[in-house]
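Q: Could you take a close look at one part of this structure for me? I'd like a single residue placed first, and then the rest of the picture built up around it.

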Amino acid sequence: MILFLLFSLMSVPVIALAEPVLDSSAVQAQSTRTAPLTIEEVFARIELNHPLLQATGLERAQARAKVLKALGVWEPRVRNELEFDRYQTYNLTNVSGAPNHLSAGYVDTFLKVGHPWGWEIFGGIRNNFGDHATLLGQNTLNPSDRNVQSPAVAVPMDLQLFYPQQMMIIGGKFNLLRGFMVNEEFTQFQQAEVAGPQAEVKVAQKRQDLYLAAAVQYWDWQVAVKQADVVKRALDVADERYRMIEGRAKAGAVAPIDVVEAREEVQRRREAAIAAQRKVEYEQYKLALFLWEKGQPVTPRPEWAPEFQGETPLPSDEDVAAFKVEATEDRPEVRDLYIEAKLNNIELKLAKNNLLPKLTVEGGPAIGAIYWAGGIGYRMATLFSMPLFNRTARGKVLHAEAQQERLAWKQAYTERQVAIDVDNWLSAIVRARDRVKASTEALRLAKTLEEGERARFNMGATSVLFVNIRERAVVEMAYELYRAQADYAVARGGMLWARGALSKSLADNILAKYGDPLYAAGSSGRKLPGRD
């Protein structure tokens with residue numbers, strides 16, 4: 001009984017053509033779709049929904065944050081300062097000889113405003129307070145009290161406002177040499193403003209990388225679908241031939257060995273079909289990482305695979321020259337070097353400015369109630385300082401100049417590199433086109449031999465082995481043709497990449513077909529840096 005069970009299990013075919021395995025996202029999303037998936041839609045979904053591009057788009061918000069942070073250095077500030085002092089004086093002419101206890105103070109409320117050029121001004125109101133006798137020179141609150149003969153205290157005489165104890169205060173400071181129009185704060189602000197274009201370059205770089213990777217994956221998926229279809233059709237042919245030969249063998253028209261040969265070919269092609277199906281699933285899952293909808297990747301179905309496009313005219317020499325100029329202007333790699341050079345020039349200007357001596361002029365009302373107890377006080381000052389050898393500033397200048405020369409060499413290399421990329425992808429287009437022509441002709445000849453061999457087999461002039469060999473050759477040449485067509489499509493996309501065209505977003509009218517263009521390449525939806 002056990003031997004019979006084992007024999008039964010061994011006689012049942014354990015290898016079957018694998019059915020397509022689809023995840024829940026593909027089942028739920030666009031389950032009734034029949035339209036082919038175009039490369040335009042792939043790019044649009046990347047622009048609208050891809051998490052990595054959305055994350056890179058937030059560089060814009062960070063650039064705006066840098067601008068606001070830099071502007072905070074010159075933020076208008078309202079300040080309120082209070083000071084109170086108590087004085088004890090001895091008046092020898094006083095009859096009683098008792099000491100006079102006097103108090104004086106002030107409250108300053110003013111607005112301080114800075115400027116990127118290195119100067120700062122402030123203006124406001126000062127209110128003075130103290131003993132009644134201190135303010136007016138005599139005591140009028142209680143006539144029986146001793147008359148205070150001391151001078152009036154904290155009674156401003158300059159810039160008086162609404163009453164004697166209130167005055168207007170103004171002052172400020174500015175730099176004459178180091179720090180005039182070029183200073184640390186202004187440099188940070190200029191660098192923060194460059195962060196906006198730098199963020200756009202990062203978004204363009206990420207878009208370009210995703211577009212190119214998606215295009216390559218898109219054509220790999222299409223090749224896998226087409227090749228799986230070829231293998232499936234070859235399996236159907238072999239299966240039908242096996243049943244036909246099996247019937248003829250039972251009738252005694254052919255040898256039993258031909259049945260084994262036909263069945264072996266069926267199993268061989270069944271294994272190839274399973275491997276091809278696995279290849280389709282592998283490529284579709286990789287492509288799903290570029291197709292996002294409502295925060296989830298969408299797995300494409302095999303029936304969405306379109307047909308390969310035909311041949312397009314080659315670019316002329318004038319077009320290639322224009323492509324190279326376009327590449328040096330639009331490629332993110334070159335644009336990033338321009339921005340880096342601009343940032344370094346800002347650092348170089350600051351370093352050269354630090355070679356100058358520091359000369360600051362400032363003035364304003366004096367701080368401290370003692371000045372107001374004895375009269376109005378002002379302070380004017382000129383501050384001068386300079387390191388003896390100025391090594392720090394000289395070192396920064398040398399570093400910035402070396403960085404500038406390094407960027408010049410790197411920029412020259414990158415510009416040559418993008419020009420060579422154009423030539424390289426032009427060569428890829430030409431060679432892929434030639435391969436498509438050669439593969440097309442080879443497939444035509446292979447099909448001719450297959451048909452002739454099949455006709456000979458039907459007449460009994462050849463064996464099933466040679467028919468199988470001819471059919472395998474057709475499958476192999478179909479593989480080569482699809483691969484050549486995919487390489488041709490990738491080469492055309494590579495030319496767009498070399499020109500820098502893939503770093504640019506699709507038009508809004510195209511994005512509107514698949515989502516809201518306002519939120520493309522960044523959840524903020526604001527593509528330009530701004531300030532409050």
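In which loop is the place of asparagine 390?

A: This is a predicted model, so read what follows as a description of that prediction. Asparagine 390 sits in the loop that runs between strand S8 (378-385) and H12. Its phi is positive, at about 55 degrees, even though this residue isn't a glycine. For background, most residues other than glycine have a negative phi. Asparagine 390 also counts as buried, because its relative accessibility is 9% and the cut-off for buried is under 20%.

There's another loop residue to set beside it. Methionine 181 isn't a glycine either, and has a positive phi of about 70 degrees. You'll find methionine 181 in the loop between strand S4 (166-175) and H7. With 36% relative accessibility, methionine 181 counts as partly exposed.

Strand S4 is worth a stop on the way, since lysine 173 lies in it. Lysine 173 is partly exposed, at 39% relative accessibility. Its C-alpha atom is separated by 6.4 Å from that of glycine 363, although the two residues are 190 apart along the chain. Setting aside neighbours within four places in sequence, lysine 173 is in contact with Gly118, Trp119 and Glu120, and also with Thr360, Val361 and Glu362.

On the other side of the methionine 181 loop comes H7. The axes of helix H5 (residues 59-71) and helix H7 (residues 184-250) come within 8 Å and cross at roughly 175 degrees. That makes H5 and H7 roughly antiparallel to each other. On the H5 side, the contact is made by Glu59, Arg60, Ala63, Lys66, Val67, Ala70 and Leu71; the H7 residues include Gln188, Phe189, Ala192 and Glu193. By type, the residues of this contact divide into nine nonpolar, two polar and six charged.

Now for the core. The largest nonpolar core has 76 residues, and Leu37, Ile46 and Trp221 touch the most other members. H12, the helix on the far side of the asparagine 390 loop, supplies at least two residues of this core, as do helix H3 (39-49), H7, helix H8 (256-288), helix H9 (317-330), H13 and H14. H7 gives the most, with 19 residues. As for isoleucine 46, leaving aside neighbours within four places in sequence, its contacts are Leu53, Leu210, Tyr211, Ala214 and Phe290. Apart from this core lies another, of six residues, with Val67, Ala70, Phe186 and Phe189 among them.

One more loop residue, this time between helix H13 (464-499) and helix H14 (508-511), is serine 503. Serine 503 counts as buried, at 4% relative accessibility. Its side chain reaches two backbone oxygens: that of glycine 500 at 2.5 Å and that of aspartate 330 at 3.4 Å. Not counting residues up to four places away in sequence, serine 503 touches Ala204, Arg207, Gln208, Asp330 and Pro332.

Stepping back to the whole protein, the secondary structure comes to 14 helices and eight strands. Of its 532 residues, 41% count as buried. Among contacts with a separation of 6 or more, 77% are between residues 24 or more positions apart.

Notes
Residues numbered from 1 in each chain as written. Predicted model: local features only at pLDDT ≥ 70, side-chain atom pairs only at ≥ 80, totals over all residues. Heavy atoms only, no water. Helix = DSSP H or I, 4+ residues; strand = E, 2+ residues; numbered from the N terminus. Buried < 20%, exposed > 50% of the residue type's maximum accessible area, 1.4 Å probe, protein only. Polar contact = N/O pair within 3.5 Å; in protein donor to acceptor, adjacent residues only side chain to side chain. Contact = heavy atoms within 4.5 Å. Axes fitted to C-alpha atoms, helices over the stretch in contact; angles between N-to-C directions. Parallel < 35°, antiparallel > 145°, perpendicular 65-115°, else oblique. Nonpolar A, V, L, I, M, F, W, Y, C, P; charged D, E, K, R; others polar. Core = buried A, V, L, I, M, F, W, Y, C linked by side-chain atoms within 4.5 Å.
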